[in-house]
Amino acid sequence: MIETLLGGLLGGAFRLAPELLKWLDRKGERGHELSMQDKALEFEKLRGAQRMEEIGAGAEAAWNVGAIETLREAVRTQGEKTGVRWADALSSSVRPIITYWFMALYCAAKTAAFVAAIEGGADWGVAIVHAWTDADQALWAGVLNFWFVGRVFDRVRP
């Protein structure tokens, strides 16, 4: 009798075992498929982020090209004449007038410093040495180079 009972139980267990293994296998497959879908979703997110970066880089490059073209056009048209005589004269006089004005202010400030040193009892030589510094020499060299070297380039250009 025990053998019958054990036989029945073992038979039933062996009959249920493949079903149990199939169920466990399907559970593993579903878990694997879910894992693969998560990886595919993450891959799509990365691909979308990369595409957005590409679009952003392309837009930035296009903006930079447009900005450079705009600057180039502005510089090119800056020297062109308008055809209105008084406006062209005013436009061409702005830089020299501002240069003369700043140089006059600069010279006035240096002269005032020199006169103050002399009136303060300093010797002429000491007043001149302290009024003319390396920064002054660099400034004057820059201004002279701007005006005179610029003229050389203007003559060389066709």
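For the classification used below, Ala, Val, Leu, Ile, Met, Phe, Trp, Tyr, Cys and Pro count as nonpolar, Asp, Glu, Lys and Arg as charged, and the others, Gly among them, as polar. The structure is a predicted model.

**Exercise 1.** Describe the secondary structure of the protein and state what share of its residues counts as buried.

*Solution.* Begin with the elements: the protein has four helices and zero strands, which, read along the sequence, gives the pattern α-α-α-α. Turn next to burial, for which the cut-off is under 20% relative accessible area; of the 158 residues, 5% count as buried. Finally, the accessible surface comes to about 13800 Å², of which 68% belongs to carbon and sulfur atoms.

**Exercise 2.** Characterise the second largest pocket by its volume, its lining residues and the helices that supply them.

*Solution.* The volume comes to about 210 Å³. Ten residues line this pocket, and those closest to its centre are T99, Y100, V143, W147 and F148. Assigning the lining to helices, one finds that α2 (85–119) and α4 (134–156) each supply at least two residues, while α4 gives the most, with six. By chemical class, the lining divides into eight nonpolar residues, one polar and one charged.

**Exercise 3.** Identify the residues that make the nonpolar surface patch of about 840 Å², and place W101 in its helix.

*Solution.* The patch is made by V84, W86, L90, V94, I98, W101, F102 and L105. Of these residues, W101 is found in helix α2, a helix that spans 85–119 and also supplies at least two residues to the lining of the second largest pocket.

Terms used. Residues numbered from 1 in each chain as written. Predicted model: local features only at pLDDT ≥ 70, side-chain atom pairs only at ≥ 80, totals over all residues. Heavy atoms only, no water. 1 Å grid on protein atoms, 1.4 Å probe; cavity = no way out; pocket = protein on both sides within 12 Å on 5 of 7 lines; lining within 4 Å. Points joined across faces, edges and corners; volume = space filled by probe spheres on them. Buried < 20%, exposed > 50% of the residue type's maximum accessible area, 1.4 Å probe, protein only. Areas by Shrake-Rupley, 256 points an atom, 1.4 Å probe, with all protein chains shown as cover. Patch = residues over 30% accessible without salt bridge, like charges linked within 9 Å, V, L, I, M, F, W, Y side chains within 5 Å. Salt bridge = Lys/Arg side-chain N within 4 Å of Asp/Glu carboxyl O.
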